[in-house]
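Let's walk through this structure together, one piece at a time. Keep the view open beside you as you read, and turn it whenever a new element comes up.

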Amino acid sequence: MIGGFLGAGKTTCVAKLAEQLSTAGLKVGLITNDQGSELVDTAMLRSRGFATEEIPGGCFCCRFNSLVDAANKLTQQNRPDVFIAEPVGSCTDLVATVTYPLRRMYGGDFAVAPLSVLLDPVRAQRVLGLAEGGKFSEKVLYIYRKQLEEADLIVINKRELLDTAQLAQLQAKLSAEFPRGEILAVSARNGAGLADWFARIASAEQPGGEAMAVDYKVYADGEALLGWLNCTVALAATPTFDGNAVLVSLAHRMQ
Ligand SMILES: Nc1nc2c(ncn2[C@@H]2O[C@H](COP(=O)(O)OP(=O)(O)OP(=O)(O)O)[C@@H](O)[C@H]2O)c(=O)[nH]1
Ligand SMILES: [Mg+2]
């Protein structure tokens, strides 16, 4: 499982890991997950030729059966050696809701790799109080911090966005506040650090141990504070236009 908050770079990393495993001769099956349906992540991964199943309409931490169904569908398609699953970016408590039941009910069928939790370093700097900028409300922050608390591997992605001093400061802050997770720094965009991280995932199983305590009332309230927009839009015009410019302008207006 490759988790982490919204926009941390999960899908980008899933595609990179899938590419690397395929090159090494392994068959991969990818599982995407989000609140809506017809997920853009699924379309993106399928367009790159990967066998992909999606679990729409809620996190798979609350829909364990649909996760197993997705794995079974992929098994029928191409018998993957490795499944890579991307949970919804607002999802936490994956050890209790996915790893434990997988082990208990399907222990002989799956070996579960360490849980990676990605983070966007610019957001993390703000959220953890290292830089000025937008912060989360308390209940969303609760989810964000729970994700990091649960991580076996805390993976700082987009590391090229920070200079060396900023990266060291973020690493120190993370290891002080979330001492359980091992901290890695990668860039899915330029490939830095990916080989080490992927080797770590491939060579170990998720350690056992107590599941963390989660207050599901706060968790649910936090999720409810986040907004999702699911829609498909077709734009057409007779004179040609710059699609990127349209998207940038739309994003600025939403912001
Ligand atoms: N600068 C930089 N951007 C990156 C990197 N990795 C991913 N991104 C960008 O971050 C944005 C989000 O990436 P995704 O892979 O879609 O992130 P995600 O975590 O799957 O997002 P959700 O599924 O929506 O939660 C995209 O614009 C990516 O191109 C990186 O290493 N550096
Ligand atoms: Mg994604």
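In this predicted model, look for the place where helix H6 touches helix H9: Lys 139, Val 140, Tyr 142 and Ile 143 on the H6 side meet Val 218, Tyr 219, Asp 221, Gly 222, Glu 223 and Leu 225 on the H9 side. Sorted by character, the residues of this contact comprise 6 nonpolar, 1 polar and 3 charged. H6 spans residues 138-150 and H9 spans residues 216-225, and their axes lie 8 Å apart at an angle of about 110 degrees. Angles of 65 to 115 degrees count as roughly perpendicular, and H6 and H9 are therefore roughly perpendicular to each other. The crossing of H6 past H9 is left-handed.

Now step back to take in the whole chain. You will find 10 helices and 7 strands in it. Its radius of gyration is 18 Å, close to the 18 Å that the globule rule gives for 255 residues, so the chain is as compact as a globular protein of that length. Measured out along the principal axes, a box of roughly 55 × 45 × 40 Å is filled by the C-alpha atoms.

Next come the sheets. In one of them, 4 strands are arranged in the order E1-E5-E6-E7, forming an open sheet with parallel pairing. Its edges are strand E1 (2-4) and strand E7 (182-185), each of which pairs on one side only. On average, neighbouring strands here are turned by 30 degrees against each other, direction ignored. Inside this sheet, find strand E5 at residues 116-119 and strand E6 at residues 153-156: the two run parallel and are joined by 4 bridges. Leu 118 stands opposite Val 155 in E6.

From this sheet, let your eye move to helix H1. H1 lies across E1 and E5, and runs at about 165 degrees to E1. Which helix does H1 cross at roughly 75 degrees? The partner is helix H8 (residues 194-203); the axis of H1 (residues 10-23) comes within 11 Å of the H8 axis. That crossing angle makes H1 roughly perpendicular to H8. At the contact, Cys 13, Lys 16, Leu 17 and Gln 20 of H1 meet Leu 194, Ala 195, Trp 197, Phe 198 and Ile 201 of H8. The contact of H1 with H8 is made up of 7 nonpolar residues, 1 polar and 1 charged.

There is another sheet to visit. Here 3 strands, in the order E3-E2-E4, form an open sheet, again with parallel pairing. Strand E3 (51-55) and strand E4 (82-85) are the edge strands, each pairing on one side only. From one strand to the next, the twist averages 20 degrees. Strand E2, at residues 28-33, pairs with E4 in the parallel sense over 4 bridges. To see a facing pair, look for Ile 31, which stands opposite Ala 85 in E4.

Finally, two helices lie across this sheet. Helix H2 (residues 40-47) lies across E2 and E3, running at about 175 degrees to E3. Helix H3 (residues 64-78) lies across E2, E3 and E4, and its direction makes an angle of about 160 degrees with E3.

Notes: Residues numbered from 1 in each chain as written. Chains lettered and ligands numbered in written order. Predicted model: local features only at pLDDT ≥ 70, side-chain atom pairs only at ≥ 80, totals over all residues. Heavy atoms only, no water. Pairing = 2+ DSSP bridges. Axes fitted to C-alpha atoms, helices over the stretch in contact; angles between N-to-C directions. Contact = heavy atoms within 4.5 Å. Parallel < 35°, antiparallel > 145°, perpendicular 65-115°, else oblique. Left-handed = near helix turned anticlockwise from the far one by under 90°. Nonpolar A, V, L, I, M, F, W, Y, C, P; charged D, E, K, R; others polar. Rg over C-alpha atoms; globule rule 2.2 N^0.38 Å.
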